[in-house]
Amino acid sequence: MTENNERRVISVIVINEASVLSRITDLFSGRGYNITSLTVAPIPESKYSRLTIVTSGSVRVIEQITKQLHKLIPVLRVYEHADLVEKEMALIKFPITENLSDINTLCEAYNGKIVNVGENMIIAMVSDEPKRVENFLTAIKRYNPKEIVRSGAVALER
Amino acid sequence: MQISGAQMVIEAFIAEGVDTVFGYPGGAIMNVYDEIYKQDKFKHILNRHEQASIHAAEGYAKASGKVGVAMITSGPGFTNAVTGLADAYMDSIPLVVVSGQVPMSLIGTDAFQEIDAVGISRSCTKHNYLVTDAKDLPRILKEAFYIANSGRPGPVHVDIPKDVTAQIEEFNYDIEINLETYKPHTKGNPRQIKKAMEAIANAKRPLFYLGGGIINANAAYEVRDFVHKTGIPAVETFMARGVLSYDDDLLIGMLGMHGSYASNMAMSETDLVIALGARFDDRVTGKLSEFAKNAGVIHVDIDPASISKLVNADFPIVGDVKNVVNDMLNLIDKVNSDNYESWRDTVNNFDELHPLTFHEDSDRLKPQWVISRVGELLGDDANISTDVGQHQMWTSQFYPFNRPRQFISSGGLGTMGFGFPAALGVKAATPEKISINFTGDGSILMNCQELMTAVEQKLPVINIILNNNFLGMVRQWQTLFYNKRHAETDLSVQPDFVKLSEAFGGIGYRVHTKEEFDAALKDAIEKNVVAFIEVKVERMENVMPMVPAGGSLFNMMLLEKKEK
């Protein structure tokens, strides 16, 4: 791939039915494109679901993929976002022996907090723009996180 | 009425006006075959391989303009059919293919003859369904026929587990299709159409680039009208042969890798490409950056994903080409055909410089002569199918096509073994025409079991085998680009094609001379049974002109000129 591979966010509204997800991901895998993250959830009070796909690729290929996505029978709408609000959540497990007030303060700076306390471990969550979540995950490395789960991005056009 | 899933399939076919089904039975589809046995509303043609069933349905669909229907069983029945599905998908052929599946309770257990059929067909069909409840079957079948034959046509696959075909439910086919997410755009944008017509009026060297979409849209006669009223020269793609008649003054010829010199030069010199139902395939464009380099592009297509996919369109028009051409005809006053007089002369000069021809300079018959001769003798009376390779290109170059749906061939996927079964479908759809399949000694062996189908069903397809004892097209590339290293393309070891046909109950001829060929063709037509006419042709003949893969259209290898 010699062309610029920029990060792109695509939202797809689809009928909520079996096999629809593989129809969509096939379009990426068939072209050798990787999906960075993908979230799906039903849209309330409708038969549709909304997917948010984060990927990277050349303008030309992404344009082609969005057209092909639109061509799939169960796809209602495809948005390739330019101006959008993006959020992502992460859950992180820390040993309880770490400095909990430090961790809590950091989480608060990223719209989060400690959400669960166990015998040996605590679980904290943050929710912010994907770029900021990434910064947070770098910053907390010193507190020996044992497990990290990221939700993948969700996005809405402004 | 309360009927089984299997009966629903039959009732849906009848309601859709299906008169011919191609297929092959097996365990998982037996309930449906039991219902086929009980009915007499449509004919079932038993092919001898599932791939052939799909190709036959394709031939039927292409010749008739209706949806082709095929039925197969699960597992190997389905996987055998995949090549056919992919072929139909590439060439936008409307099909409904019903396959059996193991019972719901066994899905995912590695059951006997189980395969994830919808998982496989997803990437080579327009749409597919796994039916999990017979209640859904009427809707799914109705949607399948609608989706197959609307918008950009294509194959739709319906996979039905065996227990679903046994399930009894209410059948009501009188339902409205309501697909909120699928609404093909058939009407072109009037403002874009107006702008496109202005661009045509202002162009000095415009060129029609006619594609197979015109045939799918049944728009050939509107396009003929449009071409004649504008006086603009036209090139056809391989898939569009027959849109204009071969003797049309404005038809330059086929363009692309084996296009005529004049067509490829016209495409390189034009200042406005008017693409109608064509998709800028790599075999057509050659090197993209050099393709119609100085031209604006009007691109009319039903499929938005085809527009600006490879070549940027200055005037993109999404719509059914028939509607759009009719709208353009309403604005025809803008265009003055006299303006293109000198451009027409230029194009004619290209053609005089290097006309499409061949030399009769060998002891053996030339394949191009055979094709031209059939054209002279049968012309419009025959429907022509081909397999894939050199003979296919020569057929497109030298047969005098003069109507749409006369030429049936595997363009996009290039499937060897397509021609014979497709010709069976063509003959089933148009029994009044002679069905000729031009094939090669390589291709014919890929579905020669269909001799049995042809004999049983009395489908007298005439297969003209242009035998050069080579896998000719690959041999040509090896000769030209691999320093004559003819790896695995020498087919000197061959069956006796005459006996092969006779073994199945067909007739066979082996011919070496023009006289023998004429006599064999005449005899085959009179006898009216399936025939192999094996023609021993010149072994080393190349298809010319040729644009080497990835080269620019104007850089053609040409037939050497001979002084007579």
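How many residue pairs are in polar contact across the interface of chain B and chain A? The rule finds 10, with both residues at pLDDT 80 or more. A polar contact here is a pair of N or O atoms within 3.5 Å; within protein, one must be able to donate a hydrogen and the other to accept it, and residues adjacent in sequence count only if both atoms are side-chain atoms.

Some ground rules before I go on. This is a predicted model, where local features need pLDDT of at least 70, side-chain atom pairs count only at pLDDT 80 or more, and totals for chains, interfaces and linings use all residues. Residues are numbered from 1 along each chain as its sequence is written, chains are lettered from A and ligands numbered from 1 in the order in which they are written, and side-chain values use heavy atoms, with hydrogens and water left out.

Back to the two chains. On the chain B side of that interface, seven residues are nonpolar, four polar and six charged. The classes are simple: Ala, Val, Leu, Ile, Met, Phe, Trp, Tyr, Cys and Pro are nonpolar, Asp, Glu, Lys and Arg are charged, and the others, Gly among them, are polar. In total, 17 residues of chain B contact 16 residues of chain A, with contact meaning heavy atoms within 4.5 Å. The size of an interface is often given as the accessible area lost when the parts come together. Chains B and A bury about 1,400 Å² between them, 46% of it on carbon and sulfur atoms. That area is what two parts lose on being put together, with a 1.4 Å probe, summed over both. Three salt bridges are counted between the chains. Each is a side-chain nitrogen of Lys or Arg within 4 Å of a carboxyl oxygen of Asp or Glu. One of them joins B:Arg122 to A:Asp26, at 3.6 Å from N to O.

Now inside chain B. There are three domains: domain 1 (2-170), domain 2 (190-353) and domain 3 (367-536). The bounds come from an automatic or database domain assignment. Domains 1 and 3 of chain B have centres 29 Å apart, taken over C-alpha atoms. Between them they bury about 2,000 Å², 60% of it on carbon and sulfur atoms. On the domain 1 side, B:Arg48, B:Lys62 and B:Ala63 supply 28% of the buried area, more than any other three residues. B:Arg48 also meets B:Glu456 in a salt bridge, 3.2 Å from N to O. The count between these two domains is one salt bridge and 10 residue pairs in polar contact. Which elements carry the domain 1 side, with two or more residues each? They are β3 (43-46), α3 (50-64) and α4 (76-90) of chain B. Helix α3(B) gives the most, 11 residues. Helices (H or I, at least four residues) and strands (E, at least two) are DSSP runs, numbered from the N terminus.

Last, chain A. The assignment gives domain 1 (6-82) and domain 2 (85-157). They bury about 660 Å², with 48% from carbon and sulfur atoms. A:Arg7 and A:Glu86 form a salt bridge at 2.7 Å, N to O. On the domain 1 side, β1 (6-15), β2 and β3 of chain A each give two or more residues. Strands β2 (35-42) and β3 (48-57) of chain A pair antiparallel over seven bridges, where pairing needs at least two DSSP bridges. A:Ile35 stands opposite A:Thr55. The two strands form a hairpin with five residues between them, and A:Glu45 in the turn has a positive phi of about 55 degrees.
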